[in-house]
Amino acid sequence: MEITFWICAACVLYAYAGYPLMVSLGARLRSKPRRELFCGSVSFVIAAHNEEAGLGRRLSELTDLLESGGIPGEIIVVSDGSTDKTADVARSFQRGRICVVEVTDNQGKAAALSAGCARARNDILVFADARQTWADDALARLLENFADPRIGAVSGDLIIESQPGVMAGVGLYWRYEKWLRRQEGRLHSTIGVTGAICAVRRELFRPIPPGTLLDDVY
């Protein structure tokens, strides 16, 4: 029992201290990638369920990012069983190239993203949620990584606003998680992305099994 205890204790210590230390040291030995101009096209994919209220703002914001960067692209809105006017808002948007995919039943985000990606035709699939707001340079910073043909997927940086109480602990953990992801990314070994802001080469995307909860990790 004593041997078992120390083995279990060592596993916990490795997970919370040993692994982060190893990844951090390994990342320091890697040179930082050079920023290069991305030359290609983009397909935004948004899975939306009853997002009528804020969808217009979001489409305007993403369109601005495409236009300001001179990036050819489209925005695919997948209405996942919406019972409001989500699809109508997307269809009535007058700027850019908007594609609307309607899923009759609410099948979940995984199925909605797969349906949207099946309609995409551009080089890079960029996943975005309907409610967040992106920084002005977010798209450019995301895409510049794809100038390196060895890069298949990229994660953005989700910032959680500070909240008292329980959310304060969530914010602290999230900062640790983001630090760990940055170190892993410098080692080209990121094991998960942030679903609200991430991208993947279209030829590498595979449909996500329906019912998958952690689509960004999958």
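**Exercise 1. Order of elements**

Task: State the order in which helices and strands follow one another in this predicted model, and how many there are of each.

Solution. Reading from the N terminus, the elements run α-β-α-β-α-β-α-β-α-β-α-β. The chain has six helices and six strands. For the overall dimensions, the C-alpha trace spans about 65 × 40 × 35 Å along its principal axes. The accessible surface comes to about 13100 Å², and carbon and sulfur atoms account for 58% of it. Of the 218 residues in the chain, 41% are buried. Among contacts between residues at least 6 apart in sequence, 74% join residues at least 24 apart.

**Exercise 2. The nonpolar cores**

Task: Identify the residues that touch the most other members of the largest nonpolar core, and find which element gives the most residues to this core.

Solution. The largest nonpolar core has 32 residues, and those touching the most other members are Phe44, Val126, Trp134, Leu139 and Leu143. Two or more residues each come from β1 (42–48), α2 (52–69), β2 (73–80), α3 (86–92), β4 (124–128), α5 (138–143) and β6. Helix α2 gives the most, with five residues.

Next, take Leu139 as an example. Leaving out residues up to four places away in sequence, Leu139 touches Phe44, Leu65, Leu66, Ile71, Val126 and Trp134. A second, separate core has 19 residues, including Val78, Leu125, Phe205 and Ile208.

**Exercise 3. The buried side of α4**

Task: List the buried residues of helix α4 and name the elements they pack against.

Solution. Helix α4 covers residues 109–119, and its buried residues are Ala110, Ala111, Ala112, Leu113, Ser114, Gly116 and Cys117. These buried residues pack against β1, β2 and β4.

**Exercise 4. Salt bridges**

Task: Compare the Glu61–Arg57 pair with the Lys109–Asp129 pair in terms of where the partners lie in the chain.

Solution. The count for the model comes to 14 salt bridges. In the pair of Glu61 and Arg57, the closest N and O atoms are 3.0 Å apart. Both residues belong to helix α2, and because they are four residues apart, about one helical turn separates them. An α-helix has 3.6 residues a turn, so residues three or four places apart point the same way. Glu61 is buried, at 13% relative accessible area, whereas Arg57 is partly exposed, at 38%. The two residues are also linked with Arg58 in a network of salt bridges.

In the pair of Lys109 and Asp129, the closest N and O atoms are also 3.0 Å apart. Lys109 is in helix α4 and Asp129 in the loop between β4 and α5, so this pair ties together parts 20 residues apart in sequence. Lys109 has a relative accessible area of 29%, which means that it counts as partly exposed.

A further salt bridge joins Arg141 and Glu144, with the closest N and O atoms 3.7 Å apart. Here Arg141 is partly exposed at 39%, and Glu144 is buried at 17%.

**Exercise 5. A buried acid without a partner**

Task: Determine which side chain of opposite charge is nearest to Asp80, and how far away it is.

Solution. Asp80 is found in strand β2. This residue is buried but has no salt bridge. The nearest side chain of opposite charge is that of Lys109, 10 Å away. A salt bridge requires the nitrogen and the carboxyl oxygen to be within 4 Å, so a separation of 10 Å does not qualify. Lys109 instead forms a salt bridge with Asp129. Lys109 is nonetheless among the residues in contact with Asp80, as are Ala48, His49, Val103, Asp105, Asn106, Gln107, Gly108 and Ala112.

**Exercise 6. An unusual phi and a surface patch**

Task: Give the phi of Asn50, then classify Leu214 as buried or exposed.

Solution. Most residues other than glycine have a negative phi. Asn50 has a positive phi, near 55 degrees. This residue is found in the loop between β1 and α2 and counts as partly exposed, at 30% relative accessibility.

Leu214 is found in the segment after β6 (197–201). Its relative accessibility is 57%, so Leu214 counts as exposed. Together with Leu213 and Val217, Leu214 forms a nonpolar patch on the surface, and the three have about 350 Å² of accessible area together.

Technical notes: Residues numbered from 1 in each chain as written. Predicted model: local features only at pLDDT ≥ 70, side-chain atom pairs only at ≥ 80, totals over all residues. Heavy atoms only, no water. Patch = residues over 30% accessible without salt bridge, like charges linked within 9 Å, V, L, I, M, F, W, Y side chains within 5 Å. Areas by Shrake-Rupley, 256 points an atom, 1.4 Å probe, with all protein chains shown as cover. Buried < 20%, exposed > 50% of the residue type's maximum accessible area, 1.4 Å probe, protein only. Core = buried A, V, L, I, M, F, W, Y, C linked by side-chain atoms within 4.5 Å. Contact = heavy atoms within 4.5 Å. Lys, Arg positive; Asp, Glu negative; His and termini not counted.
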